[in-house]
Amino acid sequence: MPEIYFDSASTTPLDDEVYQTYIDLLQRYFYNADSLYDKGVKVHRLLKKAREEIAKLLKVDPSELIFTSGASEANSLAIKGLCFKKKKGHIISSVMEHASVYNALKQMERVLGIEVTYLQPDLDGMITKEMVKEALREDTFLVSLMSVNNEVGTIYDLEGIKEVLKGRHVLLHVDMTQAIGKIDVDLKGVDMASFSAHKIHGLKGSGLLYRKRHLELEPLISGGQQEYGIRGGTENAITNILLAKTLRKALEKQKERYEHVAALKEYALIKLGKIKGVTVNATKNDIAYILNFSTTLKSEVLLNALNSEGIMVSSRSTCGSRENEPSRVLVALGIDDTRAIRLSFDYFNTQNELDYFMMVLEGILRKYGN
Ligand code: PMP
């Protein structure tokens, strides 16, 4: 049976070179990056070099980067770390955000009494700059919005939102997890941004928060001097070091991979258009990496039937895959979330895999659909 992976928005296989370097470094440099003997200093130096390389790739200063365990932690640190400083006020976000943003905001409402406006998408699936402008209040201190949606793939108008916030004393946090290595990201005008390594063929448990110099955050993990005192705990040095290679490779290959994936998506859309009972859930400005569609079958039924033919897909954000709650994102778009399936592509996927997928899908729908 073939093994076809159409779930790269959920996570990606590890890059070979990253893996090899990881094994090599892990064995040779287990030392604590803060130890003062030569071996520790060497790890410290490698870590510093990696931070500098990442900073160069993102066109920011090395001191603006905080290594985290992933984008969830980066999102939590950005939102809670700021709320713990501010203690009161108003935040603008949206119902389209990943659970790591949405639930951090919910927690801040509950625990600190911070007020949050959750913007709803328009008919095109967009969160517009006009909506943000309208929602601004005297006491708004943060706007937290994602750049690419992980369930339907919408690319939001980040530049427009930056424009609205220009000259105001409102900080902008952007969850760039599904954007980095896929579309160009520009941190100019952004105060905080979250990234994850495992979405771009890096290690799980590896992420990054960019936070503009002088922006003060309360640590969520108290500890020593690590990560400028903002994130305590012995450095996960080798993992962090590997993020530089992961990011460099993803950015180097971004254009070529995007073209490949765009061709696949175009092909998939043509094929899906010919299958009875399939509706594509497109928004106005979707990334090529994600294709969401609904069928006449319940998502779990279709997902399981595809799984038994060797095809791996998601029915929604994987972080909510075991919850019984409906998908906030799909509901906001007026999509029946019990019948939606997300395909997410990557550079290793092929047209042949899509042909097989379409054949299997058509067969399942013919047999069980109505
Ligand atoms: N934000 C978005 C948009 C995501 O897609 C994800 C991963 N599903 C996350 C945040 C969380 O990333 P991580 O798994 O690195 O915590």
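**Exercise 1. A helix residue**

Decide whether Ala 244 is buried or exposed, and say which helix holds Ala 244.

*Solution.* Step 1: look at the cover. Ala 244 has a relative accessible area of 2%, so it is buried (buried means under 20% relative accessible area, exposed over 50%, and partly exposed in between, with a 1.4 Å probe and protein chains only). Before going on, a word on the model: it is predicted, local features need pLDDT of at least 70, side-chain atom pairs count only at pLDDT 80 or more, and totals for chains, interfaces and linings use all residues. Residues are numbered from 1 along each chain as its sequence is written, and side-chain values use heavy atoms, with hydrogens and water left out.

Step 2: place the residue. Ala 244 belongs to helix H7 (helices, H or I with at least four residues, and strands, E with at least two, are DSSP runs numbered from the N terminus).

Step 3: compare sequence with space. Arg 45 is 199 residues from Ala 244 in sequence, and their C-alpha atoms are 14 Å apart.

**Exercise 2. The core**

Find which residues touch the most other members of the largest nonpolar core, and explain where this core lies relative to domain 1 and domain 2.

*Solution.* Step 1: pick out the best-connected members. The core has 121 residues, and Leu 58 and Phe 357 touch the most other members (a nonpolar core is a set of buried Ala, Val, Leu, Ile, Met, Phe, Trp, Tyr and Cys residues joined through side-chain atoms within 4.5 Å).

Step 2: find the main contributor. With 13 residues, helix H7 (residues 237-273) gives the most to this core.

Step 3: bring in the domains. Domain 1 (4-13 + 254-368) and domain 2 (16-252) both supply residues, so the core lies between them; the domain bounds come from an automatic or database domain assignment.

**Exercise 3. The ligand and its shell**

Describe the residues around the ligand and list polar contacts made by their side chains, including that of Asp 175.

*Solution.* Step 1: start with the shell. There are 15 residues around the ligand, and Ser 72, Asp 175, Gln 178, Ser 196 and Lys 199 come nearest (a residue is near a molecule or strand if one of its heavy atoms lies within 4 Å of it).

Step 2: sort the shell by class. It has 3 nonpolar, 10 polar and 2 charged residues; Ala, Val, Leu, Ile, Met, Phe, Trp, Tyr, Cys and Pro count as nonpolar, Asp, Glu, Lys and Arg as charged, and the others, Gly among them, as polar. Helix H3 (residues 71-86) gives the largest share, 3 residues.

Step 3: go through the contacts (a polar contact is a pair of N or O atoms within 3.5 Å; within protein, one must be able to donate a hydrogen and the other to accept it, and residues adjacent in sequence count only if both atoms are side-chain atoms).

- A ligand nitrogen is 2.6 Å from an N or O atom in the side chain of Asp 175.
- A ligand oxygen is 2.6 Å from an N or O atom in the side chain of Ser 196.
- A ligand oxygen is 2.8 Å from an N or O atom in the side chain of His 198.

Step 4: check the cover. On its own the ligand has 400 Å² of accessible area, and the protein covers 90% of it (Shrake-Rupley method with a 1.4 Å probe; for residues, only the protein chains shown count as cover).

**Exercise 4. Two loop residues with positive phi**

Where are Lys 59 and His 201, and is each buried or exposed?

*Solution.* Step 1: recall the background. Most residues other than glycine have a negative phi, and most peptide bonds are trans.

Step 2: take Lys 59. Its phi is near 55 degrees, a positive value, and Lys 59 sits in the loop between helix H2 (38-58) and E2. With a relative accessible area of 76%, Lys 59 is exposed.

Step 3: take His 201. Its phi is near 70 degrees, also a positive value, and its loop runs between strand E7 (192-196) and strand E8 (207-211). At 6% relative accessibility, His 201 is buried.

**Exercise 5. A strand residue**

Which backbone oxygen lies 2.8 Å from a polar side-chain atom of Thr 68?

*Solution.* Step 1: locate Thr 68, which is in strand E2 (residues 65-68). Step 2: note its cover; Thr 68 is buried, with a relative accessible area of 2%. Step 3: name the partner, which is the backbone oxygen of Gly 70.
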